[in-house]
Amino acid sequence: MSVERTADPERTDEPLLSVENLRTAFYTDKEVIRAVDDISFDIHRGETVGIVGESGSGKSVTARSIMRLVDTPGRIDDGRIVYEGEDLLEKTPKQMRGIRGGSIAMVFQDPLTSLNPVYTVGNQIKESLRLHRGMSGSEATREAVELLEAVGIPDARRRIREYPHQFSGGMRQRAVIAMALACDPDLLICDEPTTALDVTIQAQILELLEELQEERDLGIMFITHDMGVIAEVADRVNVMYAGEIVESAPVVELFESPKHPYTQGLLNAIPGQGLDAGERLATIEGDVPTPNEEPTYCRFAPRCPKEFEDCRQVHPVPVDVSEDAEDHRAACLLYPEELETEEAVDVHRTEGARGGDTR
Ligand SMILES: Nc1ncnc2c1ncn2[C@@H]1O[C@H](COP(=O)(O)OP(=O)(O)OP(=O)(O)O)[C@@H](O)[C@H]1O
Ligand code: NI
């Protein structure tokens, strides 16, 4: 979560998670929705990767694909999800159950979806400890109390005997985080974990995640609509639009020098560049289209102020925004920026035809 981490030598190590050319689609009676359409990105240990985009852009489906929790009629069609060197798409359902809530944990927007109302908070944490770390009895109780204390729940010894409904919203989300930590994960996937909370509680939860990350060297994938939250928590940011990652850059670079017209649009209307938590995405006229056909064009073109003829005929692939760009890519025909537009369009046409990005 610290900005300095982007220059961390750790970054050259093998990534903790590597998503490669992932495609996930929903096969409805009416159409095929290409919810996640050929995306690639990495997460390193100790790094927070933010995923931002308007509603329907594919953020949650990305998270659920990594966890192999895509509901029917959805299906992962292509790609690799390499976690600590192994492809999760090759794991059996049983192996996946061990990994979920084991080395990869997830925190959702609504803590009540993760907590069972009929068991005490303590029992739920202890169940997690039993399943994933083989702990039981007084050892598990002690660990459960310690976890609740670690996430800042006061009077933890008493509160482990309480039920979820006896906790406030913020305390419930802390309990969910404690439950996630009970399995000692290496990767935490957070899908809008603070959206339902008021701003003060939200700030506390973000701070908590940052502390836990530092202590445990957690890799975090953080999904949000909120550019202000992204500015606060992310080391690197992937901007999603209609199933694709249209821009990816270290957080400071993205805010100082957004390259994709979509990102520029998102950031433009935010006063003070959206550096305060609680700032929502700027509204760009129009809606995210449902990605229900093969992209042979730029999906953002209909809303793009910089649109030109080729945008309707050539599908942009992620390219380095400039020759000396470090780790900054955009899927837009205007880049690489040194090239004349026609040459740049050719790069996208050729790369697109090869079916790969240029990483
Ligand atoms: N079960 C489903 N059946 C059919 N389509 C689905 C299903 N789940 C998601 N989709 C579609 O996949 C696309 C991506 O949805 P997703 O939930 O990932 O968006 P999101 O970026 O998380 O949006 P939000 O910010 O609203 O949570 C959308 O077009 C959505 O309608
Ligand atoms: Ni979502």
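Pro336 is placed in the loop between strand S12 (329-330) and helix H11 (341-354), and the peptide bond that joins Tyr335 to Pro336 is cis, with omega near 0°. The structure is a predicted model. Its strands include an open sheet of four and an open sheet of eight. This briefing covers the backbone, both sheets, the surroundings of ligand 1, and the pockets and cavities.

**Backbone geometry**

- A cis peptide bond also runs from Thr72 to Pro73, with omega near 5°.
- Pro73 belongs to the loop between H1 and S4.
- Asp38 is not a glycine, yet it has a positive phi of about 70°.
- Asp38 sits within strand S2, which spans residues 32-43 and is an edge strand of the four-stranded sheet.

**The four-stranded sheet**

- The strand order in this open sheet is S2-S1-S4-S5, and the pairing is antiparallel.
- Strand S2 (32-43) and strand S5 (86-87) form the edges, each pairing on one side only.
- S1 and S2 are joined as a hairpin, with four residues between them.
- The pairing of S1 with S2 is antiparallel and extends over eight bridges; within it, Val19 stands opposite Phe41 of S2.
- Strand S1 (residues 17-27) also pairs with strand S4 (residues 74-83), in the antiparallel sense and over eight bridges.
- Arg23 has Asp78 in S4 as its bridge partner.

**The eight-stranded sheet**

- This second open sheet has mixed pairing and follows the order S6-S7-S8-S3-S9-S10-S12-S11.
- S6 and strand S11 (319-320) each have a single partner strand, so one side of each edge strand is left without a neighbour in the sheet.
- Strand S9 (residues 236-241) and strand S10 (residues 244-250) form an antiparallel pair over six bridges.
- Across that pair, Arg236 stands opposite Pro250 in S10.
- S12, whose neighbours in the order are S10 and S11, is also the strand that precedes the loop holding Pro336.

**The surroundings of ligand 1**

- Thirteen residues surround ligand 1, and those that come nearest are Ser55, Gly56, Lys59, Ser60 and Val61.
- By class, the shell around ligand 1 consists of four nonpolar, six polar and three charged residues.
- S2 and helix H1 (59-66) each contribute at least two residues to the shell around ligand 1.
- H1 makes the largest contribution to that shell, with three residues.
- The side chain of Lys59 places an N or O atom 2.8 Å from an oxygen atom of ligand 1.
- Ser60 has a polar side-chain atom that lies 2.8 Å from an oxygen atom of ligand 1.
- For Ser57, a backbone N or O atom is 3.2 Å from an oxygen atom of ligand 1.
- Taken on its own, ligand 1 has 640 Å² of accessible area, of which the protein covers 69%.

**The second largest pocket**

- The volume of the second largest pocket is about 500 Å³.
- Its lining comprises 19 residues, with Gly101, Met106, Ser114, Ser128 and Met179 nearest the centre of the pocket.
- Strand S6 (104-107), helix H3 (121-133) and helix H6 (169-182) each provide at least two lining residues of the second largest pocket.
- With five residues, H3 gives the most to this lining.
- The lining of the second largest pocket divides by class into eleven nonpolar, six polar and two charged residues.
- S6 thus has two roles in this account: it supplies residues to the pocket lining and stands at an edge of the eight-stranded sheet.

**Internal cavities**

- Three cavities of 30 Å³ or more are found in a search of the whole structure.
- The largest cavity encloses about 90 Å³ of space.
- Thirteen residues line the largest cavity, and Cys298, Cys304, Cys311, Cys332 and Leu333 are the closest to its centre.
- The lining of the largest cavity contains eleven nonpolar residues, one polar residue and one charged residue.

Notes. Residues numbered from 1 in each chain as written. Chains lettered and ligands numbered in written order. Predicted model: local features only at pLDDT ≥ 70, side-chain atom pairs only at ≥ 80, totals over all residues. Heavy atoms only, no water. Pairing = 2+ DSSP bridges. 1 Å grid on protein atoms, 1.4 Å probe; cavity = no way out; pocket = protein on both sides within 12 Å on 5 of 7 lines; lining within 4 Å. Points joined across faces, edges and corners; volume = space filled by probe spheres on them. Nonpolar A, V, L, I, M, F, W, Y, C, P; charged D, E, K, R; others polar. Near = heavy atom within 4 Å. Polar contact = N/O pair within 3.5 Å; in protein donor to acceptor, adjacent residues only side chain to side chain. Areas by Shrake-Rupley, 256 points an atom, 1.4 Å probe, with all protein chains shown as cover.
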